[in-house]
Amino acid sequence: MNNRMHQAMQLARMLDGQTSPNPSVGCVITKHGKVFGFGAHRFAGGPHAEVEALNMAGEAARGADLYVTLEPCNHHGKTPPCTEAILAAGIKRVFVATEDRHAIVAGQGIKRLRDAGLTVEVGLLEDEAVRFYTPFWQSLKRNRPNVTVKVAQSLNGIVTTGEQRFITSLAAREAGRELRATHDAILVGSETVLVDDPALTLRTEAGPEPIRIVVDRRGRLPETAQIFRDGLNTTYWLTEQPRVSAQSNVTALVGTYATPEQILETLYAQGIHSVLIEGGPTIQSAFLEADLVDRLEVYQAPSVLKGMPGLASAVEIEDRFDLTAVAPIGQDVHLRYARKGDGSCSQD
C-alpha cells in the first residue's frame, strides 16, 4: 500500500507549481496487485487527478482500489466533484494520504464516500503529504503568498563580490532555477535588474513559466531592461512612479510598496500564492526582518570570499527556522530551512 501511495506522491511532485491556485494531486488505481490507471492534476481548471486515473482505468476501475494524495473534493468548482466520479466508476476502496484542510473540503469528501458505503482509509504516508500541502494551506490561512528566499553564498556568507558573477557551481545554479518552476512568481528588486539584467526564466520547456515581479518603487528601470523588451513571460512591475512605457507582457501595478506586507497584499490580490525571492540581500533582508519568509533555500559554496554579506547579518536564522535538509550538490552544499513549527518544506 505504501508503495502505491508513494507512486501517487511522485505524480503530485512532478507537477508541483503547475496547478496554482490549486494544489498538485496524484492518484493511482489498482486491482489484483496491478496498476490500471494513474493520473495527476495537470493545470488549474483541468480534470483532477482522480478523474485522469479513472479515465485511464476505464471499466477496470470497478471493484478497484484508489490511492490519492489529498482528500477528493465534494463540491462543484471548475470541475464536478471527484467523489461523484469515484462512486460512478464503482471504486471499492479509497486510500487518502491526508484530509484537505481547505475549508471548502475539510472532510466532506471523505464523509460523502463513506456515507455511500465505500471503505475509506486516511493517513497512508500522511506526514509526507502534510509537508507537501502545508504551503498551500498556509497561503489560504494567512491570506498572502508563501515566501521562499533563495540564496547563493560562500562559506563565510558572502553573496556578492563585485568581481565574479557566480559564487556557486553550475549544478547549484541549475537546481536553483528548478525552484522557479515550483513557484507562481519570481521576485527581485530594482537593483538586481539594474546590475544583472536577468531574464528570470526557467530556460527550459518543462512546465509553465512563473510570473516575473520586480519591485521598483522609484521607477528606476530603463526601457532597455531585458524583462521589459524580451516580450516573454508575464511581468508585474511594482512601482510608485512608472516612467517608461511597458511592453505588452508587462503590467505596471502602480501603488505604495514601502513594506513587504504591501507587496504581498498586492501579489495575493493578483492570484499569486507562492513567491521565490531571488534578488539581492536588501530585499531578502526586508522580508526576513518583517518575518514574512516561510522557507530558505541556501546554496553554499566551499570558498571564502570578500564582499557583501547576506542573510547572516540580517537575521539569526536559527532563531526562526528549522534546518530540514542538507545535501551535496556539485561541489556545493544545499541547505533547506522551514519556518519553525511550519513543517512547510514541500520537497524531501
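**Figure 1. Salt bridge between D65 and R93 in the predicted model.** The side chains of D65 and R93 form a salt bridge, with N and O 2.7 Å apart, in a model that is predicted. D65 belongs to strand β3 (residues 65-68) and R93 to strand β4 (residues 93-96), so that the pair links distant parts of the chain, 28 residues apart. D65 has a relative accessible area of 11% and is therefore buried, whereas R93, at 26%, counts as partly exposed. By the rule applied here, the count of salt bridges comes to 18.

**Figure 2. Salt bridges of R220 and R217.** R220 pairs with E191, and the closest N and O atoms are 3.1 Å apart. This contact links distant parts of the chain, since R220 lies in the loop between β9 and α8 (226-229) and E191 in helix α7, 29 residues apart. Both residues are partly exposed: R220 has a relative accessible area of 34%, and E191 one of 44%. A salt bridge also joins E240 to R217, again with the closest N and O atoms 3.1 Å apart. E240 is in the loop between β10 (235-239) and β11, while R217 is in the loop between β9 and α8; the pair therefore ties together parts that are 23 residues apart in sequence. E240 is partly exposed at 29% relative accessibility, as is R217 at 38%. In a further group, R142, R144, D291, D294 and R339 are joined into one network by salt bridges that share partners.

**Figure 3. The nine-stranded sheet.** The sheet is open, has mixed pairing and follows the order β11-β10-β9-β8-β12-β6-β13-β16-β15. Strands β11 (250-254) and β15 (321-329) are at the edges; each has a single partner strand, so one side of each lacks a neighbour in the sheet. On average, neighbouring strands are turned by 20 degrees against each other, direction ignored. Helix α6 (residues 170-180) packs on this sheet and touches β6 (146-153), β8, β12 (274-277), β13 (295-300), β15 and β16 (332-339). The direction of helix α6 makes about 160 degrees with that of β13.

**Figure 4. Strand pairing around β6 and β8.** Seven of the eight residues of β6 are buried, so this strand is largely enclosed by the rest of the structure. Strand β6 runs parallel to β12, to which four bridges join it, and T148 stands opposite L276 in β12. Strand β6 also runs parallel to β13, here through six bridges; the bridge partner of K150 in β13 is E297. Elsewhere in the sheet, β8 (residues 185-189) and β9 (residues 211-215) pair in the parallel sense over five bridges, and I186 has R212 in β9 as its bridge partner.

**Figure 5. Surroundings of E50.** An unreviewed UniProt entry lists E50 under "active site". E50 is located in helix α2 (residues 49-57) and, at 3% relative accessibility, counts as buried. Beyond its neighbours within four places in sequence, E50 is in contact with C27, L66, V68, L70, P72, C82 and I86.

**Figure 6. Surroundings of P208.** P208 is found in the loop between α7 (190-196) and β9 and is partly exposed, at 43% relative accessibility. The C-alpha atoms of P208 and A181 are separated by 7.3 Å, although these residues are 27 residues apart along the chain. Not counting residues up to four places away in sequence, P208 touches Q18 and L202.

Methods:
Residues numbered from 1 in each chain as written. Predicted model: local features only at pLDDT ≥ 70, side-chain atom pairs only at ≥ 80, totals over all residues. Heavy atoms only, no water. Pairing = 2+ DSSP bridges. Helix = DSSP H or I, 4+ residues; strand = E, 2+ residues; numbered from the N terminus. Axes fitted to C-alpha atoms, helices over the stretch in contact; angles between N-to-C directions. Contact = heavy atoms within 4.5 Å. UniProt positions renumbered as here; feature names shortened; annotations may be inferred. Buried < 20%, exposed > 50% of the residue type's maximum accessible area, 1.4 Å probe, protein only. Salt bridge = Lys/Arg side-chain N within 4 Å of Asp/Glu carboxyl O.
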